[in-house]
Amino acid sequence: MQLLKALWALAGAAICCFLIFVIHSQFLKEGQLAAGTCEIVTLDRDSSQPRRTIARQTARCACRKGQIAGTTRARPACVDARIIKTKQWCEMLPCLEGEGCDLLINKSGWTCTQPGGRIKTTTVSYFPFVPPYL
């Protein structure tokens with residue numbers, strides 16, 4: 001009798017796990033991002049000029065309410081939308097550990113200064129997402 005109860009409990013647990021998996025896979029279909037995450041879509045580098053590399057990166061993010069795509073520790077991330085609206089870029093901690101962050105004078109981006117004096121400049125341009133017609 002104990003074995004039968006244990007088998008029924010195990011079968012019930014297996015069915016529950018299967019249902020959770022099916023429901024989760026329906027909500028997170030292939031190509032969709034989990035809420036609060038980002039991925040790099042394109043990354044282009046141009047090193048044709050001496051002592052200068054120009055990199056252009058496009059990221060895709062699935063941010064929660066009140067957040068928007070930004071940069072944290074030199075990686076795409078969801079950040080507080082207020083930071084983007086006020087262009088206080090350094091508040092999203094865009095630079096790597098040990099680097100100093102400074103706003104550009106016109107607030108179009110920021111610089112990250114490494115301890116050795118090397119400076120990385122980042123300028124921001126946003127392309128709002130336009131959903132495809134259904």
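Buried means under 20% relative accessible area, exposed means over 50%, and partly exposed lies in between (1.4 Å probe, protein chains only). This is a predicted model, where local features need pLDDT of at least 70, side-chain atom pairs count only at pLDDT 80 or more, and totals for chains, interfaces and linings use all residues. Residues are numbered from 1 along each chain as its sequence is written, and side-chain values use heavy atoms, with hydrogens and water left out.

**Exercise 1. Find the disulfides and their pattern.**

Task: State how many disulfides the whole structure holds, and how the bonded cysteines pair along the chain.

Solution.
- Start with the bond. A disulfide is a covalent bond between the sulfur atoms of two cysteines.
- Apply the cut-off: a pair of cysteine sulfur atoms within 2.5 Å.
- Search the whole structure. The search finds 4 disulfides.
- Count bonded cysteines along the chain. The pattern reads 1-2, 3-4, 5-7, 6-8.

**Exercise 2. Describe the disulfide of Cys 38 and Cys 61.**

Task: Give the sulfur distance, the handedness and the places of Cys 38 and Cys 61.

Solution.
- Take the distance. The sulfur atoms of Cys 38 and Cys 61 are 2.1 Å apart.
- Take the torsion. About the S-S bond it is about 115 degrees, so this disulfide is right-handed.
- Place the ends. Strands (E, at least two residues) and helices (H or I, at least four) are DSSP runs, numbered from the N terminus. Cys 38 is in strand E1 and Cys 61 in strand E2, 23 residues apart, so the pair links distant parts of the chain.
- Check the cover. Cys 38 has 22% relative accessibility and counts as partly exposed. Cys 61 has 24% and also counts as partly exposed.

**Exercise 3. Treat Cys 63 and Cys 78 in the same way.**

Task: Is Cys 78 buried or exposed, and what does its disulfide with Cys 63 tie together?

Solution.
- The sulfur atoms of Cys 63 and Cys 78 lie 2.2 Å apart.
- The S-S torsion is about -85 degrees, so the disulfide is left-handed.
- Cys 63 sits in the loop between E2 and E3, and Cys 78 in strand E4, so the pair ties together parts 15 residues apart in sequence.
- Cys 78 has a relative accessible area of 14%, so Cys 78 is buried. Cys 63, at 27%, counts as partly exposed.

**Exercise 4. Describe the disulfide of Cys 90 and Cys 101.**

Task: Find the handedness of this disulfide and the places of Cys 90 and Cys 101.

Solution.
- The sulfur atoms of Cys 90 and Cys 101 are 1.9 Å apart.
- The S-S torsion is about -80 degrees, so the disulfide is left-handed.
- Cys 90 lies in the loop between helix H2 (81–86) and E5, and Cys 101 in strand E5, so parts 11 residues apart in sequence are tied together.
- Cys 90 is partly exposed at 22% relative accessibility. Cys 101 is partly exposed at 24%.

**Exercise 5. Build the open sheet.**

Task: Give the strand order, then name the edge strands.

Solution.
- Use the pairing rule: two strands pair if DSSP finds at least two bridges between them.
- Count the bridges. 4 join E5 to E6, and 5 join E6 to E7.
- Write the order. The 3 strands form an open sheet, E5-E6-E7, with antiparallel pairing.
- Name the edges. E5 (100–103) and E7 each have a single partner strand, so one side of each is left without a neighbour in the sheet.
- Match residues. Leu 103 stands opposite Trp 110 in E6. The bridge partner of Trp 110 in E7 is Thr 122. Gly 109 stands opposite Thr 123 in E7.
- Inspect the turns. E5 and E6 form a hairpin with 5 residues between them, and Lys 107 in the turn has a positive phi of about 60 degrees. E6 and E7 form a hairpin with 5 residues between them, where Gly 117 in the turn has a positive phi of about 100 degrees.
- Check E6. 4 of its 5 residues are buried.

**Exercise 6. Locate Arg 82.**

Task: Where is Arg 82, and how far apart are Arg 82 and Ile 68?

Solution.
- Arg 82 has its place in helix H2.
- Its relative accessible area is 42%, so Arg 82 is partly exposed.
- Arg 82 and Ile 68 are 14 residues apart in sequence and 8.9 Å apart in space, C-alpha to C-alpha.
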